[in-house]
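Please open the model in a viewer and keep the selection panel at hand. The tour below proceeds from one selection to the next and describes what is found at each stop.

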Amino acid sequence: MQMKNFKVDQSLKELTKHRTVALPIACYETTIAQNIHGYIPLHWHEEIQFVLIVKGEATFQINEEKLVVREGNGLFINSGCLHMAKENNQLGCVYICLNVSPHFVLPQELYTTYVYPYIQATNLPYLYVDANEEWGKNILEAIIKINQWIQQKSPYYEIDIMIQLTLIWQNLIINGFQLEYNQTEMLKNDRMKQMLNWIHLHYAEKIMLDDIARAGQLSRSECCRYFKRVLKTTPLNYVMDYRIEKSLSLLQQAESNVTEVAYQVGFNSTSYFIDKFRKSMNMTPLAYKKRRK
């Protein structure tokens, strides 16, 4: 199953149901460039995520940190962490994505001791999974097996998956992390999501910096620092980029026209929309619309 259009709610929480019919788990291959945006946009979900790059390489951003993951290696992304991915060097990056409900990783009797402390830790937003390390190799091989079993649905495959999930989690925690729980970091994460939530509800309206700062209960300067640190952009530039992002799906609708789309996503000038769209997408909105038919 190829995920081409990540749907998120106003807080960037992904709306995709990460489960098979029988299990609270999803495993699928993703070709980054085939996504509607050309990349995997910023989002978060309650599920923990394991990634295995099977072709090319990609740059992942998790919260405010970026790292490159190359073919054969992987990544663990913790529950609730904002993340996005872009392929590098137009190599056609493909990765296997395994999303699992934290409550499904281990039996409930073990959850409180061996899972909950890790998904709550503020110093564990992600973990690079190195195929050259024994524990990393074990995790990546288990991801491949789970992906195969979900596709093949062989007899008792659900039990096989449970065994491999236990192995994955055991290999992840045997590294002996010193877990930390920083209340300030938790508050920062919540405030960032509150500001994004407000933007995604009001992007079609006139937006001022004061409005965004107020949503996060911050001063204007603190608001700007949050966006610069986490998203490497300014609040108002993020609004602009988000409006362009929202215009993509509208432009693909047969009955839409560029002027209508411009006003729908919050631009008060068609020419200004065309100029910003061209700078962002390296083509005009009309060219994009024709290309995507």
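**First stop: a hairpin and its sheet**

Select strand E4 (residues 57–62) and strand E5 (residues 65–70), which pair in the antiparallel sense over 6 bridges. The model is a predicted one, and the values quoted along this tour are computed from it.

Within this pair of strands, select Ala 58, which stands opposite Val 69 in E5. Move next to Ile 62, whose bridge partner in E5 is Glu 65. The hairpin of E4 and E5 has 2 residues between the strands, and Asn 63 takes a positive phi near 50 degrees there.

Keep E4 selected and add strand E7 (residues 83–87). E4 and E7 also pair in the antiparallel sense, over 5 bridges. Here Phe 60 of the displayed pair stands opposite Ala 85 in E7. Is E4 mostly covered or mostly exposed? The strand is mostly covered, with 5 of its 6 residues buried.

Now widen the selection to the open sheet of 4 strands, whose order is E2-E7-E4-E5 and whose pairing is antiparallel. Strand E2 (40–43) and E5 are the edge strands, each pairing on one side only. From one strand to the next, the twist averages 20 degrees. When colouring side chains, it is useful to recall that in a regular strand they alternate between the two faces of the sheet.

**Second stop: the sheet of five strands**

Select the other open sheet listed here, in which 5 strands follow the order E1-E8-E3-E6-E9 with antiparallel pairing. Which strands stand at the edges? They are strand E1 (25–31) and strand E9 (126–129); each has a single partner strand, so one side of each is left without a neighbour in the sheet. The twist in this sheet averages 15 degrees from one strand to the next.

Within the sheet, select strand E3 (residues 48–55) and strand E8 (residues 94–100), which run antiparallel and are joined by 7 bridges. One of the residues to label is Ile 48, whose bridge partner in E8 is Val 100.

**Third stop: two helices**

Select helix H4 (residues 134–152) and helix H5 (residues 157–173). Their axes come within 9 Å and cross at roughly 160 degrees. The cut-off for the roughly antiparallel class is an angle over 145 degrees, and H4 and H5 are therefore roughly antiparallel to each other. Their crossing is left-handed.

**Fourth stop: aromatic rings**

Turn to the aromatic side chains; a search of the whole structure finds 12 aromatic pairs. In one of them, the rings of Tyr 238 and Tyr 242 have their centres 6.2 Å apart and their planes at 15 degrees, so the pair is stacked. Both residues belong to helix H9 (residues 235–251), and because they are 4 residues apart, Tyr 238 and Tyr 242 are separated by about one helical turn. Are Tyr 238 and Tyr 242 buried or exposed? Both are buried.

Next, select Phe 267, Tyr 272, Phe 273, Phe 277 and Tyr 288 together, which ring pairs link into a cluster.

**Last stop: charges over rings**

Select Trp 44 and Lys 193. The charged end of Lys 193 sits over the ring of Trp 44, 3.8 Å from its centre. Finally, select Tyr 226 and Arg 229, where the charged end of Arg 229 sits over the ring of Tyr 226, 5.1 Å from its centre.

Terms used: Residues are numbered from 1 along each chain as its sequence is written. This is a predicted model: local features need pLDDT of at least 70, side-chain atom pairs count only at pLDDT 80 or more; totals for chains, interfaces and linings use all residues. Side-chain values use heavy atoms; hydrogens and water are left out. Rings of Phe, Tyr and Trp (its six-membered ring) pair if their centres lie within 6.5 Å; planes under 30 degrees apart count as stacked, over 60 as edge-to-face and the rest as tilted. Buried means under 20% relative accessible area, exposed over 50%, partly exposed in between (1.4 Å probe, protein chains only). A charge sits over a ring if NZ of Lys or CZ of Arg is within 6 Å of the ring centre and within 35 degrees of the ring normal. Two strands pair if DSSP finds at least two bridges between them. Axes are lines fitted to C-alpha atoms, for helices over the stretch in contact, and angles run from 0 to 180 degrees between N-to-C directions. Angles under 35 degrees count as roughly parallel, over 145 as roughly antiparallel, 65 to 115 as roughly perpendicular and the rest as oblique. A crossing is left-handed if the near helix is turned anticlockwise from the far one by less than a right angle, and right-handed if clockwise.
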